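Please read the following report alongside the sequence and the model, taking one part of the fold at a time.

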Amino acid sequence: MKWKIACIQMDIKYGNPDKNYAEARKWIQKAAKANCDIAILPELWTTGYDLTRLFEIGDENAKESVRFLQNAAKEFQIHLVGGSVAKKTADGIFNTMLIVDREGQLVKEYDKLHLFKLMDEHLYLQGGKRDGLFQLENETFGTVICYDIRFPEWIRKLALNGAKAIFVSAEWPNPRLHHWKTLLTARAIENQCYVIACNRVGRDPNNHFFGHSLIIDPWGEIIAEGTENEQLITGEIDLETVSKVRNTIPVFADRLPEFY
Ligand SMILES: NC(=O)CCC(=O)C(=O)O
């Protein structure tokens with residue numbers, strides 16, 4: 001089955017959820033007008049990395065963000081890999097990915113597993129405990145958040161459990177563009193699956209984010225790549241290609257897990 005995908009490579013207004021909801025709505029509408037089946041938003045797109053204020057501006061049990069995504073998905077008839085938001089709970093604040101289908105059902109919540117110390121996440125956030133597998137229209141996908149892509153075992157587990165495409169939401173800053181592209185391409189090649197990665201653009205007080213959102217096929221070829229500006233990056237994925245590539249070089253059949 002073929003799917004048209006949109007990466008919403010938006011700037012994020014630091015610590016300003018209301019403005020970010022309004023902006024995201026416009027981008028989701030654009031993705032729907034471009035006949036996309038699925039749109040993905042970046043990491044922490046409601047607040048940015050305004051970590052010291054998350055108790056104030058984070059979203060109580062992600063209720064407002066879920067409601068926003070459900071309404072947008074239904075109104076514009078598009079599946080949403082709704083990026084991640086700061087979800088406030090009794091156990092602390094999580095960096096939580098929200099997936100909502102075009103009927104407005106909340107299909108999955110995934111909490112970022114690996115916290116990124118270089119951006120102080122460990123001081124303000126809790127790490128998750130559950131996987132990122134989800135289903136849309138009877139197809140299996142996976143999701144991870146930003147720094148998670150440095151952990152190939154975590155993505156491999158998604159692929160072993162049936163994910164044919166991995167969605168990545170990110171706020172990945174300079175100077176690590178080379179790491180971003182190389183790691184994402186490697187995850188696509190080694191797992192012989194699509195990788196769809198949405199990074200933000202713009203600046204916050206500590207970082208400059210370079211965009212370069214990517215849609216990569218199971219052979220490791222780049223289908224679409226963003227610039228450093230705000231834009232919608234679109235591309236078509238064909239899940240049949242996953243089996244074709246896996247039949248050509250049968251990496252999954254040739255694995256020898258008893259040795260590793
Ligand atoms: N928000 C993040 O997890 C950033 C990860 C990152 O920049 C990296 O180099 O890893």
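## Domain, strands and ligand shell

In an unreviewed entry, UniProt lists residues 3–239 as "domain: CN hydrolase"; such positions are given in the numbering used here, feature names are shortened, and annotations may be inferred rather than shown by experiment. This is a predicted model, in which local features need pLDDT of at least 70 and side-chain atom pairs count only at pLDDT 80 or more, while totals for chains, interfaces and linings use all residues. Residues are numbered from 1 along each chain as its sequence is written.

Over residues 3–239 the chain is 27% helix and 35% strand, and the C-alpha atoms at the two ends are 8 Å apart. Helices (H or I, at least four residues) and strands (E, at least two) are DSSP runs, numbered from the N terminus.

Strand β1 (residues 2–9) has six of its eight residues buried, so it is largely enclosed by the rest of the structure. A residue is buried if 20 or more other C-beta atoms lie within 10 Å of its own, exposed if 12 or fewer, and partly exposed in between, with C-beta atoms placed from the backbone. Two strands pair if DSSP finds at least two bridges between them. Strand β1 runs antiparallel to β15 (residues 231–238), to which eight bridges join it, and I8 has L232 as its bridge partner in β15. With β2 (residues 38–40), β1 pairs in the parallel sense over three bridges, and here the partner of A6 is A39. From β1 the chain passes through helix α1 (residues 17–33) to β2 in a right-handed β-α-β crossover, meaning that, with the strands pointing away from the viewer, the path from the first strand over the helix to the second runs clockwise.

Two residues other than glycine have a positive phi, and the table places them side by side.

| Residue | Phi | Loop | C-beta neighbours within 10 Å |
|---|---|---|---|
| N35 | near 60° | between α1 and β2 | 10, exposed |
| C146 | about 45° | between β8 (139–145) and α5 (152–160) | 24, buried |

C146 also belongs to the residues that surround the ligand, among them E43, F116, Y147 and H179; a residue counts as near a molecule if its C-beta atom, placed from the backbone, lies within 6 Å of it.

Finally, the peptide bond from N174 to P175 is cis, with omega near 5°, and P175 lies in the loop between β9 (165–170) and α6 (177–191).
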